[in-house]
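Colleague: I am learning to read a structure of two chains, and I would like to be shown how it is done. Please go slowly and explain the terms along the way.

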Amino acid sequence: MSHVASYDSTLRGGAAMAAGVEVGQQRIEIAGRGERRTARWVQLTIAYLALGIGSLWALLPFLWMISTSLKSDSQVLVYPPAWIPNPAVWGNYEAVTKLVPFGRFLINTAVVAVTVTILELITSSFAAYAFARLRFPGRDKLFLLYLGTLMIPGQVTLIPNFLVISWLGWVDTYAALIIPAAFSAFGTFLLRQFFLSIPPELEQAARMDGCSYFGIYRHIILPLSGPALATLAVFAFMTQWNAFLWPLIVTNKETMRTLTVGIRYFGDDAPGQFNYLMAGTVMSIIPILIVFLILQRYFVRGIALTGMGGR
Amino acid sequence: MATTLKAAARPVTRRSGGFSPMRRQETITGYLFLLPNIIGFLVFSSVPVLATFTISLLDWDLIRTPQFVGLDNYIKLLTDDALFRKVLWNTAYYVLGTVPAGVVLSLLMALAMNANVRGIAVFRAIFFIPVISASVAVAMMWRWLYNTDYGLINMILATVGIKAVPWLASTAWAMPAVIIMAIWKTLGYNMLIFLAGLQSIPIHLHEAASIDGATSFQRFRYITVPLLAPTTFFVLVISGINSFQVFDLAFVLTRGGPGDATNTMVMYIYNQAFQFFHMGYAAAVAWVLFAIIFAVTLCQHQLQKRWVHYEHE
């Protein structure tokens, strides 16, 4: 039972967090008087210094990667290195797409990420609605089973999942990349918690008027759940975009590889070609970066809710 | 807490004397709504957990018929596998290297951000870019940063007179290299959770303490630290669980090398299952990993009673 409790508090902590982050930007400064004003000044200086160093530390590797991606072979090996390549070799990006089917990797990744996101939203919101709003025998036991699975690391299910996929003859197909990821216990849990927070009065009125359960789900629950669905969507999308171990296992053909798997093999094939490697890596990061910059607040919420760092 | 969860949902009330037609309709509808998710859930999540355990009792290479060998895989793993011990040690090294340092650094950044600085959204976005980037991309990037002759890191070290470090080529430096990269990648994530925790501490407590003449260090020690303890606990548990499962970062940066210096438990599962096709053995490793994660999380949960106090208790 303690698992249930910890996930429950995680979720609520996450929700409080999302709210807290917004509030923080407009926090009212306590009026400083006399000597406290100096102390405040010192504090702020230290804070900005720490954040400045931290930001530099976070960004420098990316800047170095972009810089390298625009250098010619000989420029890469110049000592001391120049941060701004002169001339900038934009052709590296084109060269990469000729060395490996980069466009194909990109399409594969996009197809998988988009399809999984849509399927996960549909199946999870259906199940979440049943768990949150309908009464039927076995419901609470099934829900506990869902919660229990959340605790188990993905590696434990890896081998049977691979066996099922190869038994179905799905190795090197989109189905192998998409189907196992399309049913999320986590997404069900997340949406159920959100649906529970919607006041039931509206639905009761709709029931009185003879609205079906599906009608309630479609016309009341879904329209009121925009933020929760968006949070799950960006999270599912990012997870799929960055997934590595599963695509590595179920793809053999080069044309079925996703970006992460493709880049990894490219790294092995062209170990010394750092300008090409960096150009490929830049191209793999740009799409997710754009999605992130547009939908930042949903990312922040989704990541906080899932406890997902980097592995 | 479990009671809140249950109370929040409408209770399933069972009436004696069978289902009314309305109740029956609700049951059928309920299962229909569950159906698409639950099929996938059973096939790809819950049944495989049990299947993995069954497979771990087999000697199976996917070609010959599986042989039932009882607990032999576990016994061999725990008593007669030097590489597994090495892998276990590497994973522990990685966890101990990333978790405490990651927690401290991200807390420092969160404290700086909580000091009413301007541009919090910009800083947050910057710290988050490593978090949203794929581990594979990050590892590829750091492979170049760590390059002995032309990598940025050794060039920066050279400016302060430190000789080139053979990061990825040396058994001593490879694991620290993976650890530094992992801390870099997860900093923004932990920082965000700490920031939320800091912002949930009621500001009037700090005000009252200031009026009573508390210094900022005293306020940190006696207000921030105790009230942040639940958040710290959460970050520790999540970072611990994630660190034990490290794969992508190490696999792409070093491929487990040199000489198994960065070979970790999940990499061992991957190699046993998908390189050598020792399915039973790999399944046993997966269960041991699960048991370790479970035990460590349980220990943390027990220990928290000594240092984490929740407000509503």
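Modeller: We shall look at the interface, then a helix, then a surface patch.

This is a predicted model, in which local features need pLDDT of at least 70 and side-chain atom pairs count only at pLDDT 80 or more, while totals for chains, interfaces and linings use all residues. Residues are numbered from 1 along each chain as its sequence is written, and side-chain values use heavy atoms, with hydrogens and water left out.

Colleague: How many residues of chain A are in contact with chain B, and what area do the two chains bury?

Modeller: The size of an interface is often given as the accessible area lost when the parts come together. Here chain A and chain B bury about 11000 Å² (accessible area lost with a 1.4 Å probe, summed over both), and 73% of that lies on carbon and sulfur atoms. Contact, meaning heavy atoms within 4.5 Å, joins 119 residues of chain A to 112 residues of chain B.

Colleague: How many salt bridges cross the interface?

Modeller: A salt bridge is a side-chain nitrogen of Lys or Arg within 4 Å of a carboxyl oxygen of Asp or Glu. The rule finds 3 across this interface, and A:Arg135 and B:Glu26 meet in a salt bridge at 3.9 Å, N to O.

Colleague: Why is helix 12 of chain A described as largely enclosed?

Modeller: Helices are DSSP runs (H or I, at least four residues), numbered from the N terminus. Of the 17 residues of helix 12, 13 are buried (under 20% relative accessible area, 1.4 Å probe, protein chains only), so the helix is largely enclosed by the rest of the structure.

Colleague: Is B:Leu42 buried or exposed?

Modeller: B:Leu42, which lies in helix 2 of chain B, is partly exposed (between 20% and 50%), with a relative accessible area of 36%.

Terms used: Chains lettered and ligands numbered in written order. Helix = DSSP H or I, 4+ residues; strand = E, 2+ residues; numbered from the N terminus.
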